Amino acid sequence: PPHILIDGGIADPHGLVGLSELIPNRTKRVVNLVVGSFGGGSAPPGPSDMPPGVNAAEVVSLSIRGTPQCGPWAMKNGPRATEAARTAVAAVLDMPMHRGTEEGHYELHIDASVFVPE
């Protein structure tokens, strides 16, 4: 498949470990998207931080901040957060990205708070 979407979990928070088994032995371009900031106060992972076998040539790290908190206790915020994130990403499509931690790594931090519907 030309595009694969993978969600993270407790043991694999960024959802990157599964990429090594998909399309093995081929160079990949990875878009790593998180809601909020990348955990631990550290920089988002670049190509050299990918798990063994991922073979990432480029990594784009996107963080979408300022969306309403969602979860079992706040289900009504789901549509609001989705709309804010969608609108915020569309608003920055032509903006330049920042160089990340290494060659082939790019970052874009998006503030979606101004796009949250009432």
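This short presentation describes the sheet, the nonpolar cores and the charged pairs of one structure, which is a predicted model.

Good morning, colleagues. I begin with the sheet. Four strands make up an open sheet, arranged in the order 1-2-4-3, and the pairing is mixed. Strand 1 and strand 3, the latter spanning 98–99, stand at the edges with a single partner strand each, so one side of each has no neighbour in the sheet.

Let me take the pairings in turn. Strand 1 and strand 2 run parallel and are joined by eight bridges; here Val 31 stands opposite Val 60 of strand 2. Strand 2 also pairs with strand 4 in the parallel sense, over seven bridges, and in this pairing Leu 62 faces Leu 108 of strand 4. Strand 3 and strand 4 (residues 105–111) run antiparallel, with two bridges between them. In strand 4, the residue opposite His 98 is Glu 107.

How much of strand 2 is buried? Seven of its 10 residues are, so strand 2 is largely enclosed by the rest of the structure.

That brings me to the cores. In soluble globular proteins, nonpolar side chains tend to be buried together. The largest nonpolar core here has 10 residues, among them Val 60, Leu 62, Ile 64, Ala 84, Ala 88, Leu 108 and Ile 110. Strand 2 (56–65), helix 1 (77–91) and strand 4 each contribute at least two residues to this core. A second core, separate from it, has seven residues, including Leu 19, Val 30, Met 50 and Ala 56. Within the largest core, Leu 62 deserves a closer look. Setting aside residues up to four places away in sequence, Leu 62 touches Val 31, Asn 32, Leu 33, Val 34, Phe 38 and Leu 108.

By way of contrast, consider Val 35, which belongs to strand 1 (residues 28–35). Its relative accessibility is 66%, and therefore Val 35 counts as exposed. Beyond its neighbours within four places in sequence, Val 35 is in contact with Ile 64 and Thr 67.

I turn now to charge. Side chains of opposite charge can pair when their charged atoms come close. Across the whole structure, three salt bridges are found. In one of them, Arg 29 meets Glu 58 at 2.9 Å, N to O. Because Arg 29 lies in strand 1 and Glu 58 in strand 2, this pair ties together parts 29 residues apart in sequence. Arg 29, at 71% relative accessibility, counts as exposed, whereas Glu 58, at 27%, counts as partly exposed.

Another salt bridge joins Arg 86 to Glu 83, with the closest N and O atoms 2.8 Å apart. Both residues are in helix 1, three residues apart, or about one turn of the helix. Glu 83 counts as partly exposed, at 32% relative accessibility. There is also a salt bridge between Glu 103 and Arg 99, at 3.1 Å, N to O; Glu 103 and Arg 99 are both exposed.

I close with Glu 107, in strand 4. Which side chain of opposite charge is nearest to this buried residue? It is Arg 65, at 6.9 Å, and Glu 107 has no salt bridge. The side chain of Glu 107 does, however, make a polar contact of 2.8 Å with that of His 109. Further along the sequence than four places, the contacts of Glu 107 are with Pro 44, Ser 61, Met 97, His 98, Gly 100 and Thr 101. Thank you for your attention.

How values were computed. Residues are numbered from 1 along each chain as its sequence is written. This is a predicted model: local features need pLDDT of at least 70, side-chain atom pairs count only at pLDDT 80 or more; totals for chains, interfaces and linings use all residues. Side-chain values use heavy atoms; hydrogens and water are left out. Buried means under 20% relative accessible area, exposed over 50%, partly exposed in between (1.4 Å probe, protein chains only). Contact means heavy atoms within 4.5 Å. Two strands pair if DSSP finds at least two bridges between them. Lys and Arg count as positive and Asp and Glu as negative; His and the chain ends are not counted. A salt bridge is a side-chain nitrogen of Lys or Arg within 4 Å of a carboxyl oxygen of Asp or Glu. A polar contact is a pair of N or O atoms within 3.5 Å; within protein, one must be able to donate a hydrogen and the other to accept it, and residues adjacent in sequence count only if both atoms are side-chain atoms. A nonpolar core is a set of buried Ala, Val, Leu, Ile, Met, Phe, Trp, Tyr and Cys residues joined through side-chain atoms within 4.5 Å.
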